Amino acid sequence: MKKLLLVIFNLFIGIGLMAQPATYPAHFTVAQDGSGDFKTIQEAVNAVRDLSQQQVTIFIKKGIYHEKLVIPSWKTKISLVGEDEQQTIITNNDYSGKPVPGGRDMFGKDKFTTYTTYTVLVQGNDFHAENLTIENTSGRVGQAVALHVEGDRCSIKNCRLLGNQDTLYAATENSRQYYSNCFIQGTTDFIFGEATAVFDHCTIKNLANSYITAPSTTPRQQFGFVFLDCKLIADTADKKVHLGRPWRPYARSVYIRTEMGAHIVPVGWDNWKNSDNEKTAYFAEYESTGPGANPSARAAWSHQLTNKEAKNYTVKNILSGNDGWDPEQQTDYDTIKK
């Protein structure tokens with residue numbers, strides 16, 4: 001009888017334990033010295049609950065992380081927060097034309113293409129990064145992406161994005177992206193893609209005489225790339241830099257209250273050797289300042305916004321969408337106590 005009661009008791013205990021709701025951590029720490037939960041960032045990303053409905057912060061201690069990091073579409077609401085933007089570095093060196101290790105990639109290509117050269121690929125929605133450096137160190141060998149973002153409602157704050165050609169791929173027309181207080185450097189078309197993206201108080205540095213933006217905005221989008229209160233700088237040797245050129249028809253790129261160095265050419269914009277692009281692309285400025293600001297000499301097909309038109313270019317109006325997203329309110333670093 002006692003044995004039977006013991007069996008029944010254990011059965012109820014087991015059922016009770018099985019009924020307990022599962023809990024999922026909202027915070028992980030990555031440290032190369034083993035003092036955190038994981039030694040690599042990818043391991044921490046993999047540990048986040050699939051389709052998470054809570055924001056999960058991955059705090060990354062100082063170090064150089066040699067990773068080709070992927071945030072897949074089913075890993076949502078992930079925040080990568082570095083200990084220091086200068087000393088928390090995610091790095092890789094793939095470039096277009098480089099042989100694929102092992103022979104061929106999943107697309108049957110034996111060499112990397114622009115779309116697979118990323119150091120960090122973000123496909124999950126509600127991604128946030130703060131206090132990090134993301135770099136592609138392959139050098140001047142052609143297209144070599146540092147950060148490739150496809151997810152929606154993605155914000156990048158106080159980060160350094162370093163590369164040469166094609167540093168930042170702001171991808172997919174349904175993606176809204178916000179870059180605040182970031183440092184972005186490159187050579188040719190180093191901010192490119194079809195996303196709707198706001199660059200707020202960012203410093204943009206050219207490393208060569210070339211083009212800053214190459215948007216491929218679709219006809220279905222009201223906005224493309226918008227620069228608010230940014231600063232354009234360059235290496236001292238650079239004397240001939242264009243604000244942008246249309247990677248595809250209907251490209252949109254607008255600079256609002258941007259300080260422009262002398263490296264910006266008077267004409268400002270380029271049509272990518274296709275005059276038809278002048279009929280569809282929308283390239284504009286408002287209250288540009290500095291030696292590179294020259295509204296009277298700009299390409300005739302570009303625009304100088306009126307005061308009324310410029311009022312439409314706010315973070316809220318550009319990015320809020322139907323869900324009221326407000327990236328200016330999101331920050332994770334202040335909640336990390338280390």
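Mentor: Partly exposed means a relative accessible area between the buried range, under 20%, and the exposed range, over 50%. The model discussed here is predicted.

Trainee: Is Asp229 buried, partly exposed or exposed?

Mentor: The buried range ends under 20% and the exposed range lies over 50%. Asp229 has a relative accessible area of 26%. That value makes Asp229 partly exposed.

Trainee: Which residue forms a salt bridge with Asp229?

Mentor: The partner lies in the loop between S23 and S24, while Asp229 lies in the loop between strand S20 (225-228) and strand S21 (231-234), so the pair ties together parts 28 residues apart in sequence. The partner is partly exposed, at 35% relative accessible area. The closest N and O atoms are 2.9 Å apart, and the partner is Arg257.

Trainee: What is the N to O distance in the salt bridge between Asp94 and Lys68?

Mentor: Asp94 is buried at 5% relative accessible area, whereas Lys68 is partly exposed at 28%. Their side chains meet in a salt bridge, with an N to O distance of 3.0 Å.

Trainee: Which strands stand at the edges of the open sheet of 8 strands?

Mentor: The strand order is S3-S6-S9-S12-S15-S18-S21-S24, with parallel pairing. An edge strand here has a single partner strand, so one side of it is left without a neighbour in the sheet. The edge strands are S3 (63-66) and S24 (259-260).

Trainee: Inside that sheet, which residue of S18 is the bridge partner of Ile184?

Mentor: Strand S15 (residues 183-186) pairs with strand S18 (residues 203-206) in the parallel sense, over 4 bridges. The bridge partner of Ile184 in S18 is Ile204.

Trainee: How many residues of strand S25 are buried?

Mentor: Tyr282, Ala284 and Tyr286 point one way from S25, Phe283 and Glu285 point the other way, and all are buried. Strand S25 (residues 282-286) is therefore largely enclosed by the rest of the structure. The count of buried residues is 5 of the 5.

Trainee: Which strands pair with S25?

Mentor: One partner runs parallel to S25 and is joined to it by 5 bridges, with Ile256 set against Tyr286 as bridge partner. Another pairs in the parallel sense over 2 bridges, and there Ala284 stands opposite His303. The strands are S23 (residues 252-256) and S26 (residues 303-304).

Trainee: Which residue forms a salt bridge with Glu285?

Mentor: Glu285 counts as buried at 2% relative accessibility. Its partner is also buried, at 7%. The closest N and O atoms are 2.6 Å apart, and the partner is Arg298.

Terms used. Residues numbered from 1 in each chain as written. Predicted model: local features only at pLDDT ≥ 70, side-chain atom pairs only at ≥ 80, totals over all residues. Heavy atoms only, no water. Pairing = 2+ DSSP bridges. Buried < 20%, exposed > 50% of the residue type's maximum accessible area, 1.4 Å probe, protein only. Salt bridge = Lys/Arg side-chain N within 4 Å of Asp/Glu carboxyl O.
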